[in-house]
Amino acid sequence: MIEALATRSLLPKALKALRVESGEKVTGDAEQGASWVAKSTETGFSAQEGALPAAPKTWNIAYIMGISSFFKSVMDGGKVDVARRYEILREAVSGTMSDFNKVRDRETEQIVGLKVLDKKKTEQLEMRFRGLNKPTEGEIAVQFNHPRIVKTLNHGLTTKGEQFLVMEFLEGPGLNSLIIGRSKLLDGNRLTLMREAAEALQAVHEAGFIHRDVCPRNFVCSPDATSLKLIDFGLTVPASKEFMQPGIRTGTPNYMAPEVVRRKHTDHRLDIFAFGVSMYEMFTFELPWQRGSGDGLAAMSHGQSEPTPLEHFCPNIHPTLSKAISQCMLPDLQKRMQTMKQFLAMIANVKSEEVAPTAGN
Ligand SMILES: Nc1ncnc2c1ncn2[C@@H]1O[C@H](COP(=O)(O)OP(=O)(O)O)[C@@H](O)[C@H]1O
Ligand SMILES: [Mg+2]
């Protein structure tokens, strides 16, 4: 009943015009979407250009970049002609907000990952935070130097005015594809992968950010699935008051915390919820709540009922892991796992993902 009422009152407003595939992220809602577009035409791209760092000492830059590429980049206003500089080695993966390619840097011969953001979608997202001086994805991503977080090497604007990021290229599968394929590679590796994911998220939170798009698709595993790295700072915001206002409803619906869906005040604990859902899925190959059908509707049910216990799908799961994951998904913010540090401490003494089956199992 409560669920039905909440659904009826909030839904039309929020989800009407969003065409969201179940795995796809949402960056805004219908009415605001419309106003963003209008406003973004007014302001063009100036907000992002204004956010570029002030030019440091000319000759230092010229030295670092190499004289010829420095003058080339000055000629086109500091923007990079990515098609000229990077040779595409593998067909693009289209993300929800960007295109990603494995490329060869013609200047350095390095094999790297090139992410070029969709200009319109990025403008819409950034309009939402206009006046707040939100750092760009590149400015945030480049700050991380952590073994469990993808290394961003460079970022800037293309000659077409799109934001781009150059990253280390990660060879392995996304955690999402291992889950979809019910991969045997996960067996025996889940505990390590979960610890690493938790460490990555802890680093993000301790650096003062909320990732806002924690989901299996944003963890890339090594080819043998023995380790992983967190990617995609496309929706990341600083964990400061103005970015935690109620109403900012971005993220991937199947992993969205109830306080996000219901437009309440949010903080880093929304990532802890999404982490819990992701880990539940990694262990069980199921989602704790009904899978979204494409409109984001299913996210309204998050926290309305208790998910099926992990033990139902994994009878031998270590009870401490099951308890820790479930605690991440509690709808009540006071009862939910408070920090990733607390999560890691809770599972610190666990040695394997399963306990030996008891007699009769
Ligand atoms: N550094 C990387 N190495 C390998 N693949 C990557 C890397 N970064 C992104 N990808 C691939 O590109 C996809 C889209 O990138 P992502 O940063 O998640 O963008 P989006 O915001 O569009 O979701 C990812 O799901 C992943 O498949
Ligand atoms: Mg992504």
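Here are four short exercises, each with a worked solution, on a predicted model.

**Exercise 1. The order of the strands**

Find the order of the five strands in the open sheet, and work out why one side of β1 and of β4 is left without a neighbour.

*Solution.* Start by reading across the sheet: the strands come in the order β1-β2-β3-β5-β4. Next, look at how they pair, which is antiparallel. Now go to the edges, where you will find β1 (86–94) and β4 (152–157). Each of these has a single partner strand, so one side of each lacks a neighbour in the sheet. To finish the picture, follow the twist, which averages 25° from one strand to the next.

**Exercise 2. Three hairpins**

Walk through the hairpins of the sheet and state how many bridges join β1 to β2, β2 to β3, and β4 to β5.

*Solution.* Take β1 and β2 to begin with. Six bridges hold this antiparallel pair, and E87 sits opposite R104 in β2. The hairpin they form has three residues between the strands.

Move on to β2 and β3. These strands are antiparallel too, with seven bridges; V103 has V112 in β3 as its bridge partner. Five residues lie between the two strands of this hairpin, and in the turn E109 has a positive phi of about 70°.

Then turn to β4, which five bridges join to antiparallel β5 (residues 163–168). Two pairs help you to line these strands up: H155 is bridged to L165 in β5, while G156 faces F164 in β5. Between the strands of this hairpin there are five residues, and G161 takes a positive phi near 85°.

**Exercise 3. Two helices that meet**

Decide whether α10 is roughly parallel or antiparallel to α12, and list the residues through which the two helices meet.

*Solution.* First locate the helices: α10 covers residues 190–206 and α12 covers residues 269–284. Their axes come within 11 Å and cross at roughly 165°. An angle over 145 degrees counts as roughly antiparallel, so α10 is roughly antiparallel to α12. The crossing itself is right-handed.

Now pick out the residues. From α10 come R190, L193, M194, A197 and L201, and they meet D271, F275, M279, M282 and F283 of α12. Sorted by class, this contact has eight nonpolar residues, two charged ones and no polar ones.

**Exercise 4. Around the ligand**

Find which residues come nearest to ligand 1, and describe the shell by element and by class.

*Solution.* Begin with the shell itself, which has 20 residues; G95, F100, L170, D232 and G234 are the nearest of them. Then ask which elements give two or more residues to the shell: these are β2 (98–105), β3 (111–117) and β5. You have already met β2 and β3 as a hairpin, and β5 as the partner of β4. Last, sort the shell by class to get nine nonpolar, seven polar and four charged residues.

Key: Residues are numbered from 1 along each chain as its sequence is written. Chains are lettered from A and ligands numbered from 1 in the order in which they are written. This is a predicted model: local features need pLDDT of at least 70, side-chain atom pairs count only at pLDDT 80 or more; totals for chains, interfaces and linings use all residues. Two strands pair if DSSP finds at least two bridges between them. Helices (H or I, at least four residues) and strands (E, at least two) are DSSP runs, numbered from the N terminus. Axes are lines fitted to C-alpha atoms, for helices over the stretch in contact, and angles run from 0 to 180 degrees between N-to-C directions. Angles under 35 degrees count as roughly parallel, over 145 as roughly antiparallel, 65 to 115 as roughly perpendicular and the rest as oblique. A crossing is left-handed if the near helix is turned anticlockwise from the far one by less than a right angle, and right-handed if clockwise. Two residues are in contact if their C-beta atoms, placed from the backbone, lie within 7 Å. Ala, Val, Leu, Ile, Met, Phe, Trp, Tyr, Cys and Pro count as nonpolar, Asp, Glu, Lys and Arg as charged, and the others, Gly among them, as polar. A residue is near a molecule or strand if its C-beta atom, placed from the backbone, lies within 6 Å of it.
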